[in-house]
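Subject: Handing over a structure

Dear colleague,

I am passing on the structure we spoke about, with its sequence, so that you can look at it alongside my notes. Please open it before reading further.

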Amino acid sequence: MYTDVLRFVQRRTGPEHAEDIVHEAFLVTWRRLDDLPTEHEDARAWMFAVARNCMLNNVRGEKRQGTLVVRIAAHASTFAEAAT
């Protein structure tokens, strides 16, 4: 199942983040093992949904980081002036 989820994520995010996202998805699955459906196909679909949610969390995190970089850059001159 790992390979299937990895390919699913790679097609949507690219190889640079895919393994981290899949590892996060399996960690979430491990933590919520009691919620995992017992039927194989249902469990597989559930894993893909978890992976999708992890991808969305990753996108939100990257947006927050980008916003922070812009805010820091906007105040960089203020910091430089205060340091001198």
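Below is what was found, going from the whole chain to its core and then to single residues.

Please keep in mind throughout that this is a predicted model. The secondary structure of the protein chain consists of three helices and zero strands, and along the sequence this reads as the pattern α-α-α. Taken along the principal axes, the box filled by the C-alpha atoms is roughly 65 × 25 × 15 Å, and the radius of gyration is 19 Å, whereas a compact globule of 84 residues would have one near 12 Å. Of the 84 residues in the chain, 24% are buried, and the accessible surface comes to about 6300 Å², with 55% of that area belonging to carbon and sulfur atoms. Among the contacts with a separation of 6 or more, 53% are between residues 24 or more positions apart. As for charge, the chain carries 11 positive and 12 negative side chains, and the centres of these two sets lie 6 Å apart.

Turning to the interior, the largest nonpolar core has 16 residues, and those with the most contacts inside it are V5, F8, V9, A25, V50, A51 and C54. Two or more residues are given to this core by each of helix 1 (2-13), helix 2 (15-31) and helix 3 (40-83), and the largest share, seven residues, comes from helix 3. In soluble globular proteins, nonpolar side chains tend to be buried together. Within this core, A25 is a useful residue to look at: leaving aside its neighbours within four places in sequence, A25 is in contact with M47, V50, A51 and C54.

T29, which is found in helix 2, has a relative accessibility of 7% and therefore counts as buried, the limit being under 20%. Not counting residues up to four places away in sequence, T29 touches L36, W46, M47 and V50. M47 and V50 are thus contacts of T29 and also contacts of A25.

The loop between helix 2 and helix 3 is the place of P37, and here the relative accessibility is 26%, so P37 counts as partly exposed. With residues up to four places away in sequence not counted, P37 touches D42, A43 and W46, and W46 is also touched by T29. P37 and G14 are 23 residues apart in sequence, and their C-alpha atoms are 28 Å apart in space.

Further along the chain, T67 is found in helix 3 and counts as partly exposed because its relative accessibility is 46%, which falls between the 20% limit for buried and the 50% limit for exposed. The C-alpha atoms of T67 and F26 are separated by 29 Å, the two residues being 41 residues apart along the chain.

With best wishes

Technical notes
Residues numbered from 1 in each chain as written. Predicted model: local features only at pLDDT ≥ 70, side-chain atom pairs only at ≥ 80, totals over all residues. Heavy atoms only, no water. Core = buried A, V, L, I, M, F, W, Y, C linked by side-chain atoms within 4.5 Å. Buried < 20%, exposed > 50% of the residue type's maximum accessible area, 1.4 Å probe, protein only. Helix = DSSP H or I, 4+ residues; strand = E, 2+ residues; numbered from the N terminus. Contact = heavy atoms within 4.5 Å. Rg over C-alpha atoms; globule rule 2.2 N^0.38 Å. Areas by Shrake-Rupley, 256 points an atom, 1.4 Å probe, with all protein chains shown as cover. Lys, Arg positive; Asp, Glu negative; His and termini not counted. Charge placed at Lys NZ, Arg CZ, Asp CG, Glu CD.
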